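Here are my notes for you, point by point. Keep the model open while you read and look up each residue as it comes along.

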Amino acid sequence: MKNFLLICLLSGFTYSAVAQLATKCTRALEEAEAAFEQGRLLFILDQTNNKGERKNFYECLENKVFSIEEEIRARKLLVKAYLFTDNEEEAENKLIDLVKVDKEHQLTSADPAELHFYYSKFRTRPIFRIGLKVGTNVSRIAVLQEFNAFALPDRTKDYRSKEIGLPLGFNAEATIEKYIFKGIEVGGGLQYRVLSYGVEGKFIEPDQLTYIAINRSTMLRFPLLIRYNYNYSALNKESGRVKLIPYAYIGGSFDRVINAEYVDTNRSGGTAFTLPSGSTSLTDFDQVAEENISIFGGLGVKYRFGRSLVNFLTLELRYDNALFNYINPENRWNNDDLRFGVGHVEDDLAINAYTISIGYTQSFYLPRKRKEFR
């Protein structure tokens, strides 16, 4: 019980001391801002008081006592003070300190014109961003031309088959993105995708045979995209930047199949048959086209978070449309176990997909003066 009371007392004293220190720092900042309004710039830049002691303003700044909003105000105040005393070299250093704290700091109409002009000399946008996403996909198959093993001219009408998309595919993507201007970004990267589709077939006459063949494809994809972020520079009263940013994007991708296989194939009715393990790979029989090109488009939203509000959580929906045949038509008949045992031959088809994903985007900065002003 005594230990508990002692902890409570110490916690109370600590909280009180921190609160008093924060109050003292707030007063020091307000005093410096008042001095700026009165034109007493040297009072701000002098780091010691009339007793030769370090001023609270500088101690609070260096010891990180200020809140984030107060620290931004304090560092901007120093930029203006050095700028108006014609010390541009030190003003430049203080401006870099400011944008390190608030990496995409936005000036307002209340800031003097001199600061707007000086600020325009510096690059304060991110030099690049890295985005990571994971998600799930659902295939949507487009049949380009139909084939089957036993569809002879007089029996075609009795044969029914359909491609079906299967859920719970997987994709993971890493991109490098570059901000261009007015909410426009471009990016490129690497995506790993696993996607499945299935075929259900049935012979109505005379054998009443049914079968399924489920194909799983693993690809490495190399997407390039251009994105528009809506209302990118908009302000709000609380943070100075909107936290939710809707966006839309389009792009293209070079796709390479690294593996394709049948994960479930069997026939029922008549003599039951299951594809043997040695005949399950489409890539071993060279039945798929190794390379393809896709186009895609999507919608999403970014959520700013963190102390400086320059990193994002993302949620997006995307549609991929393959441009060319997934099947290698020259070798579609190569797998005898599949076409005679199961009764299936792959149609010419394109594998399209819907994808929903979540992600994280990290921004990287190197604030410095633009080359034309050096």
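1. A quick word on terms before we start: helices and strands here are DSSP runs, numbered from the N terminus, with at least four residues for a helix and at least two for a strand. With that in hand, you can place Phe-66: look for it in the loop between helix 3 and helix 4. Do keep in mind that this is a predicted model.

2. Now the overview. The chain has 7 helices and 12 strands. Of its 374 residues, 43% are buried. Take the contacts with a separation of 6 or more: 75% of them join residues that sit 24 or more positions apart. As for the outside, about 20000 Å² is exposed, and carbon and sulfur atoms supply 58% of that.

3. Which residues touch the most other members of the largest nonpolar core? They are Ile-44, Phe-57, Phe-66, Leu-78 and Leu-95, in a core of 33 residues. Two or more residues each come from helix 1 (2–37), helix 2 (41–45), helix 3 (56–62), helix 4 (68–84), helix 5 (88–101) and helix 6 (113–119). Helix 4 gives the largest share, with 8 residues. As background, nonpolar side chains tend to be buried together in soluble globular proteins.

4. Let's zoom in on Ile-44. Skip its neighbours within four places in sequence, and you'll find Ile-44 in contact with Ala-32, Ala-35, Phe-36, Lys-55, Tyr-58, Leu-77, Leu-78 and Ala-81. There is also another core, lying apart from the largest one; this one has 20 residues, including Ile-141, Ala-260, Val-288 and Ile-351.

5. Back to Phe-66. Is Phe-66 buried or exposed? Its relative accessible area is 5%, so Phe-66 counts as buried. Not counting residues up to four places away in sequence, Phe-66 touches Cys-25, Leu-29, Phe-57, Cys-60, Leu-61, Glu-71 and Ala-74. Try the distance to Thr-26 as well: the two residues are 40 apart in sequence, yet their C-alpha atoms are 7.4 Å apart in space.

6. On the surface, have a look at the nonpolar patch of about 730 Å², made by Val-134, Phe-170, Tyr-192, Ile-258, Leu-315, Leu-317, Ile-356 and Ile-358. Strand 10 (311–322) and strand 11 (348–364) each supply at least two of the patch residues. Val-134 belongs to strand 2 (residues 128–145), and with a relative accessible area of 42% it is partly exposed.

7. Compare that with Ser-357, which you'll find in strand 11. Ser-357 has a relative accessible area of 5%, so it is buried. Leaving out residues up to four places away in sequence, Ser-357 touches Lys-133, Val-134, Gly-135, Thr-314, Leu-315 and Glu-316. Val-134 and Leu-315 in that list should ring a bell, as both help to make the nonpolar patch.

8. Last, the backbone. Most residues other than glycine have a negative phi. Where does Lys-182 sit? Lys-182 is in the loop between strand 4 (169–181) and strand 5 (184–203), and has a positive phi of about 45 degrees without being a glycine. Lys-182 is exposed, at 71% relative accessible area. Asp-286 is not a glycine either, and has a positive phi of about 55 degrees. You'll find Asp-286 in the loop between strand 8 (273–274) and strand 9 (291–305); Asp-286 counts as partly exposed, at 34% relative accessibility.

Key. Residues numbered from 1 in each chain as written. Predicted model: local features only at pLDDT ≥ 70, side-chain atom pairs only at ≥ 80, totals over all residues. Heavy atoms only, no water. Core = buried A, V, L, I, M, F, W, Y, C linked by side-chain atoms within 4.5 Å. Buried < 20%, exposed > 50% of the residue type's maximum accessible area, 1.4 Å probe, protein only. Contact = heavy atoms within 4.5 Å. Patch = residues over 30% accessible without salt bridge, like charges linked within 9 Å, V, L, I, M, F, W, Y side chains within 5 Å. Areas by Shrake-Rupley, 256 points an atom, 1.4 Å probe, with all protein chains shown as cover. Salt bridge = Lys/Arg side-chain N within 4 Å of Asp/Glu carboxyl O.
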